[in-house]
Amino acid sequence: MSTVKNFMREYKGERPSMRMNKLKRKKKNRIRILLLSLTIMIAAAAIYLYSVWNSMQNAIDTMHEDRKTDKRESEISLKEKHPFSVLILGVDERENDVGRSDTMIVVTVNPDKNSIKMLSIPRDTRVNIVGWSGGEDKINHSYAYGGIDMSIDTVEEFLDIPIDYYIKLNMEGFKDLVDAVGGVTVYNDMDLQHGKYVFPKGEITLNGEEALVYSRIRYEDPRGDFGRQKRQKDIMQAILNEGASISTLWNYDDIFEALSKNIKTNLTFNEMVEIQAGYKSTVKNLEQYNFEKGSGGFLGNIWYYFPDEQEVLDFQHMLKEHLGLLPESGVAVNDHENGA
């Protein structure tokens with residue numbers, strides 16, 4: 001019987017050995033196709049990631065401005081994970097206007113404590129404007145009088161700490177950044193309306209234009225500048241959250257273009273990489289602080305915020321301790337300033 005079957009197979013030209021060879025060739029072809037597909041996918045991913053990395057580096061190079069703090073005797077080392085500080089300025093620069101720093105936030109980062117402290121300074125705070133002949137004025141005017149340098153010098157004197165880095169965000173750029181990440185969702189803690197724009201209490205999703213209006217509302221909010229600062233911080237955080245999502249990677253050109261157009265910083269590309277590598281866990285412990293014990297009032301026909309002296313001292317102590325500048329923090333002031 002088997003002889004008959006073999007004869008029939010041979011008759012049909014399909015010997016068992018031939019069939020086995022065909023199966024082996026098909027299997028090899030499938031493996032080759034699979035390997036080729038994987039190679040193409042890996043190559044495409046590598047090219048895409050290189051493109052993203054290159055675009056990001058170019059954007060950061062465009063954003064970068066040289067400016068080193070002169071309040072430390074020696075530079076800090078991000079590689080050695082020293083604590084550092086950042087001044088975030090949200091500048092409202094409109095056409096034919098030098099601008100005011102409507103948002104001023106001091107951020108200190110301490111990897112040993114694995115935490116970040118964020119202190120908002122009211123824009124109308126009356127302080128000595130360092131380097132300006134007029135003496136005292138609203139702290140946000142320091143940018144109008146002397147740009148980044150005068151703003152940093154004034155904040156350094158006010159809080160008695162060194163400012164290592166700064167990030168200046170053009171508030172008009174809120175619109176570009178929000179649109180670039182596909183809109184943002186924030187929690188609005190009160191009903192607000194500005195002109196035709198209505199922002200109900202609760203979770204709201206905003207496009208670029210809406211986010212810009214929402215961030216600028218002041219007089220319609222009974223908290224005034226404090227309410228505006230909170231909304232601006234909420235939008236900044238929402239932009240960061242959206243920017244970190246996988247879906248926005250496909251829109252990286254728009255994101256990097258918006259960043260390069262609207263942000264200036266003295267952080268270099270390499271420093272940003274070092275912060276991402278050595279400090280990223282600190283983001284999980286972010287504490288926000290605001291001035292609450294001061295009072296508002298007029299001098300002449302100009303309204304100012306007069307900070308409480310003890311509260312200022314308390315914040316100075318807190319930030320110094322967080323930066324490792326106090327003996328009780330376990331790091332001697334001189335040792336830290338010398339880069340130890």
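**View 1. Ser 115 and His 322 meet through their side chains.** A polar contact of 2.7 Å joins the two side chains, and, like everything shown here, it comes from a predicted model. Ser 115 sits in strand S3, which covers residues 115-121. With a relative accessible area of 7%, Ser 115 is buried. Who else is in contact with Ser 115, once its neighbours within four places in sequence are set aside? The list runs to Thr 108, Val 109, Asn 110, Thr 282, Asn 285, Glu 287 and His 322.

**View 2. Lys 117 and Glu 287 pair up in a salt bridge.** Here the side chains come together at 3.2 Å, N to O. Lys 117 belongs to strand S3 and Glu 287 to strand S12 (residues 286-290), so this pair ties together parts of the chain that are 170 residues apart in sequence. Is Lys 117 buried or exposed? Lys 117 is buried, since its relative accessible area is 10%. Glu 287, at 31%, counts as partly exposed. As background, side chains of opposite charge can pair when their charged atoms come close. Glu 287 also turned up in the first view, as one of the contacts of Ser 115.

**View 3. Asp 124 and Arg 218 form a salt bridge between two loops.** The closest N and O atoms of this pair are 2.5 Å apart. Asp 124 is in the loop between S3 and strand S4 (126-128), while Arg 218 is in the loop between H5 and helix H6 (225-243). That links distant parts of the chain, 94 residues apart. Both Asp 124 and Arg 218 are buried.

**View 4. Helix H5 has a cap at its N-terminal end and a salt bridge to H4.** Let's take the salt bridge to begin with: the side chains of Glu 209 and Lys 175 meet at 3.7 Å, N to O. Glu 209 is in helix H5 and Lys 175 is in helix H4 (residues 173-180), so the pair ties together parts that are 34 residues apart in sequence. Glu 209 is partly exposed at 33% relative accessibility, and Lys 175 is partly exposed too, at 26%. Salt bridges that share partners also build a network, made of Arg 123, Asp 124, Lys 138 and Arg 218. Across the whole structure, a search finds 14 salt bridges. Which residue caps H5? Asn 207 does, with a side-chain oxygen 3.2 Å from the backbone nitrogen of Glu 209. H5 itself spans residues 208-216, and its buried residues include Gly 208, Ala 211, Leu 212, Val 213, Tyr 214 and Ser 215.

**View 5. Phe 199 belongs to the largest nonpolar core.** This core has 44 residues. Those with the most contacts inside it are Phe 84, Val 107, Phe 174, Phe 199, Leu 206, Tyr 214 and Ile 235. Zooming in on Phe 199 and leaving aside its neighbours within four places in sequence, its contacts are Asn 188, Met 190, Asp 191, Leu 192, Ile 204, Leu 206, Glu 210, Val 213, Tyr 214 and Ile 217. There is also a second, separate core, with 28 residues that include Phe 158, Tyr 166, Phe 291 and Phe 315. In soluble globular proteins, nonpolar side chains tend to be buried together.

**View 6. Tyr 145 of helix H3 is partly exposed.** Helix H3 covers residues 141-159, and Tyr 145 has a relative accessibility of 35%. How far apart in space are Tyr 145 and Ile 129? They are 8.9 Å apart, C-alpha to C-alpha, with their positions 16 residues apart in sequence. Setting aside neighbours within four places in sequence, Tyr 145 is in contact with Ile 129, Trp 132, Asp 137 and Met 150.

**View 7. A nonpolar patch lies on the surface.** Its members are Ile 31, Leu 34, Leu 35, Leu 38, Met 41 and Ile 42, and together they have about 620 Å² of accessible area. Ile 31 is found in helix H2 (residues 16-63) and counts as partly exposed, at 43% relative accessibility. A helix brings a regular rhythm: an α-helix has 3.6 residues a turn, so residues three or four places apart point the same way.

**View 8. The whole protein puts these close-ups in context.** It has 10 helices and 14 strands. Of its 340 residues, 44% count as buried. The accessible surface comes to about 18900 Å², and 54% of that belongs to carbon and sulfur atoms.

Notes. Residues are numbered from 1 along each chain as its sequence is written. This is a predicted model: local features need pLDDT of at least 70, side-chain atom pairs count only at pLDDT 80 or more; totals for chains, interfaces and linings use all residues. Side-chain values use heavy atoms; hydrogens and water are left out. Patches are made of residues with over 30% relative accessible area and no salt bridge: like charges are joined within 9 Å, nonpolar side chains (Val, Leu, Ile, Met, Phe, Trp, Tyr) within 5 Å. Accessible areas come from the Shrake-Rupley method with a 1.4 Å probe; for residues, only the protein chains shown count as cover. A salt bridge is a side-chain nitrogen of Lys or Arg within 4 Å of a carboxyl oxygen of Asp or Glu. Helices (H or I, at least four residues) and strands (E, at least two) are DSSP runs, numbered from the N terminus. Buried means under 20% relative accessible area, exposed over 50%, partly exposed in between (1.4 Å probe, protein chains only). A nonpolar core is a set of buried Ala, Val, Leu, Ile, Met, Phe, Trp, Tyr and Cys residues joined through side-chain atoms within 4.5 Å. Contact means heavy atoms within 4.5 Å. A polar contact is a pair of N or O atoms within 3.5 Å; within protein, one must be able to donate a hydrogen and the other to accept it, and residues adjacent in sequence count only if both atoms are side-chain atoms.
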